[in-house]
Amino acid sequence: MKISINRLKDFIAIDQTPEEIAALLTGSGLEVEGISLFESIPGGLEGVVIGEVLSCERHPNADKLSVTTVDVGNGIVPIVCGASNVAKGQKVVIATEGATLYPVSGEPFVIKKAKIRGEVSQGMICAEDEIGLGESHEGILVLDTQLPNGTPASKYFDVARDHVLEIGLTPNRADAASHLGVARDLKALLNSPICLPSVDGFKVDNQNLSISVEVEDPKDCPRYAGLTVSNIKVGPSPEWLQNYLKALDLEPINNIVDITNFILHDLGQPLHAFDADKIKGNKIIVKTLPKDTVFFTLDDKERKLSGAELMICDASEGLCIAGVFGGKGSGVSSSTQSIFLESACFSPDIIRKGGQFHGLKTDASFRFERGTDPNMPVYALKRAAMLIQELAGGEISSEIIDVYPNPVEDFKIPVAFKNIDRLIGKQIAKEEIKAILHGLEIEVSAETEIGFLATVKPYRVDVTREADVIEEILRIYGFENVALSENLKSDFLAEHPGKDLNKLQYRLSEALAALGFYEIITNSLTKPAYVEKSGFLETSENVNILNQLSEDLSVMRQSLLFSGLEVLAHNINRRQKDLKVFEFGTVYFKEQVGYREEKRLGLFMTGDKASESWLAPSRAVGFSDLHAVAELILEKLNIEGYGMEILHDAPFEYALKLTLGEKELGKVGMLRQEACKLAGVKQEVLFAELNWDLLGKKAKGLKKFQEISKFPEVRRDLSLVIDKNVTFDNIKKIALKAGGKLLQRINVFDLYQGDKIGADKKAYALSFYLQDSENTLIDKVIDKTMDRLIQNFETEAGAFIRK
């Protein structure tokens, strides 16, 4: 859910930075997952100024170009211009050297000093499409202004800027699914009053358009309010409203629909506008329709009703799937002159059934499914009607119809002070408790030494028990203000099943077998010569056997490497050269005091990945094959956030060390020939040894897979020129952080190193796969995600994006 900081300031006086507001909200349970900057013109016209053309002459080497000198405020610069309408004395828009422009079409580009047909150009005189203002490219923008040269163009074009919070709303906090809801939390946190827009100016102009309302079952629709507005003029919304919606990633449609969206995100109350001339019989009926009734929705799709969804109907047919999606025939269009405006409270259950049956998720259904405020419909209706009159003209042509047969009462909840102290784990002063509840609009009455009666307004659908009230006190008081006692205790300990490491091992063995690996079990006793000649094991850590069976089996192994290599040698000597084996085994170490055991997972690959056939030639296994298996193991165990370091230490020719924080998960790499020959293996071997004890400890259980999204995946490619020392792991971490939940995976499909980009550089060609599990991605969202990726690559990896 997106929240505009600018709009929050209309509800509550705040002077904190966006980061400070985000920290306050996160601490109170409204987790802010990100902060983004919205600018009404992409890039905010940074580096673009007002300038004046001092001279304009034809380019000596090009008939269609002009050479100009332009005063940009802090100096006079030469600029080569291709526009036919450039002339001396004009006030123009100048993109100075170093500015990044975001054109209407095409990729952003940086203005650089250049020579054009032999003439120096230090900037660009801009047309409106080149700075994202419009579609026209007929000529440069010529301004009528007295602003001094060098004035930022953002001031002339009044660029709107806003910080937008991305809040990960939990299902129980339906009350916070709006700017008003978030402002209510800030009110309690900052002890600052909320200012609601006044509707005192609301008045009915006439009774010329009356539409009756009938609700068949009040359980499905506890409250239904509406009114009519006639003689309106449908058209584009003003710039302030369009910017508000765009900041929330909503596309402006027209002034009427935009106002309903504005109210929804402002107050949390969904509205729907019907073309009043298309309501047959001047009657609205809220009811269900028979199963398999055909209904056309706004997206021009034919849908067959289940018979269980709630419908808004007129005297003869359905107009809208209540709380979910409008109908094609009754929506507002450019020819609409009168509307019926609906503001209702629907049962969450019936809205959820309708939305799930038709596979529809809308901003309205999101709120209705979680529970909306039954006291909000009439206020929201008045607020919307006044905005419609302000932005679209018209007259309010009926009284407010308010069908509300069984008003929802406030929740009355007894609360005991001792339970507050017990559940929070700290005694909070009674006056502070009452102040917190007052800030949350929870009334305290019937107070005694023992407790009080809390009266909670019904918009807090999640606060119905004593424990819920105490949770509200705690989240505003601050979890960080409750110190942990030395002896933790609880009234109730839930039984959480521990990790079954044997099950994890078994399931992982199944996965490796499915990849063609064979499991081996080898002797823990080994040759001391392996340690002495290995180059990476310490003889001081040998666990020696007192009653030796033989000289060759006199010590306990410190690694799974050599016992595994002996298995490979045995099979290779019998003409089985293509091998993939794994072992779960124990290794042993002598310490200054006592001994230490660790369980390890060893992986070996050697020979060809697949046998030669008529379909494809044989191919030797490579490092990437074993590394992919290691990554699969980490994925299966649901271990995330691990790092990688490049190694060239014995026994490896080259390898990667896998780490989790400061702890080593294991190593994966190509063995040196000296190590292989110690066990009698003469061909190349890839080896990985993972710390199974640590893997088992850090595993979050076997990864649970989700249903494949029914929404399409989108691929976008980028070519990055980076320093040679920047690894793909660095790039991957940056991408996953910047791409968020939309970025599903990353792939390298080309790598270039050569004289065309410099000896210390390399170029990655990367493909990024984006997908949303709940919606079809639109170009605006995709472009925004890719812009964020590009920006992070440039700032964090020093990448140059090839275009």
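The following exercises, each with a worked solution, concern the structure shown above.

The model is a predicted one, in which local features need pLDDT of at least 70 and side-chain atom pairs count only at pLDDT 80 or more, while totals for chains, interfaces and linings use all residues. Residues are numbered from 1 along each chain as its sequence is written, and side-chain values use heavy atoms, with hydrogens and water left out.

**Exercise 1. The nonpolar cores**

Find which helix gives the most residues to the largest nonpolar core, and list the contacts of Ile 263.

Solution. A nonpolar core is a set of buried Ala, Val, Leu, Ile, Met, Phe, Trp, Tyr and Cys residues joined through side-chain atoms within 4.5 Å, where buried means under 20% relative accessible area, exposed over 50% and partly exposed in between, with a 1.4 Å probe and protein chains only. The largest such core has 54 residues, and those with the most contacts inside it are Leu 25, Leu 165, Ile 167, Ile 256, Ile 263 and Ile 388. Helix 9, residues 377-392, gives the most to this core, with nine residues; helices (H or I, at least four residues) and strands (E, at least two) are DSSP runs, numbered from the N terminus. A second, separate core of 33 residues includes Tyr 224, Ala 276, Ile 312 and Phe 346. For Ile 263, once neighbours within four places in sequence are set aside, the residues in contact (heavy atoms within 4.5 Å) are Gly 268, Gln 269, Leu 271, Ala 380, Arg 383, Ala 384 and Leu 387.

**Exercise 2. The buried side of helix 2**

Determine which residues of helix 2 are buried and what they pack against.

Solution. In helix 2, which spans residues 18-27, the buried residues are Pro 18, Ile 21, Ala 22 and Leu 25. They cover an arc of only 100° around the axis, and therefore lie on the same side of helix 2; the arc is that of the directions from the helix axis to the C-beta atoms. An α-helix has 3.6 residues a turn, so residues three or four places apart point the same way. The packing partners of the buried residues of helix 2 are helix 1 (5-11), strand 2 (32-39), strand 13 (161-167) and helix 4 (179-190). Just after helix 2, Gly 29 takes a positive phi of about 110°.

**Exercise 3. Strand 15 and its partners**

Explain why strand 15 is described as largely enclosed, and identify the strands with which it pairs.

Solution. Eight of the eight residues of strand 15 (residues 223-230) are buried, so the strand is largely enclosed by the rest of the structure. Both faces are covered, with Arg 223, Ala 225, Leu 227 and Val 229 buried on one side and Tyr 224, Gly 226, Thr 228 and Ser 230 buried on the other. Two strands pair if DSSP finds at least two bridges between them. Strand 15 is joined to strand 23 (residues 339-345) by seven bridges in the antiparallel sense, and here Gly 226 stands opposite Glu 342. Three antiparallel bridges connect strand 15 with strand 25 (residues 401-403), where the bridge partner of Gly 226 is Ile 401. Strand 24 (residues 395-396) is joined to strand 15 by two bridges, again antiparallel, and Val 229 has Ile 396 as its bridge partner there.

**Exercise 4. Two polar side chains**

Describe the surroundings of Thr 68 and of His 137.

Solution. Thr 68 lies in strand 4 (residues 66-71) and is buried, with a relative accessible area of 1%. A polar atom of its side chain lies 2.8 Å from the backbone oxygen of Ile 79. Beyond its neighbours within four places in sequence, the residues in contact with Thr 68 include Val 53, Ser 55, Cys 56, Val 86 and Ile 125.

His 137 is placed in the loop between strand 11 (123-125) and strand 12 (142-143). Apart from neighbours within four places in sequence, His 137 is in contact with Ala 127, Asp 129 and Glu 130. The side chains of His 137 and Asp 129 make a polar contact at 2.9 Å, a term for a pair of N or O atoms within 3.5 Å; within protein, one must be able to donate a hydrogen and the other to accept it, and residues adjacent in sequence count only if both atoms are side-chain atoms.

**Exercise 5. An aromatic pair**

Classify the pair formed by Phe 274 and Phe 340.

Solution. Rings of Phe, Tyr and Trp (its six-membered ring) pair if their centres lie within 6.5 Å, and planes under 30 degrees apart count as stacked, over 60 as edge-to-face and the rest as tilted. The whole structure holds 14 aromatic pairs. Phe 274 and Phe 340, at 6.4 Å centre to centre and 35° between the planes, form a tilted pair. Both residues, Phe 274 and Phe 340, are buried.
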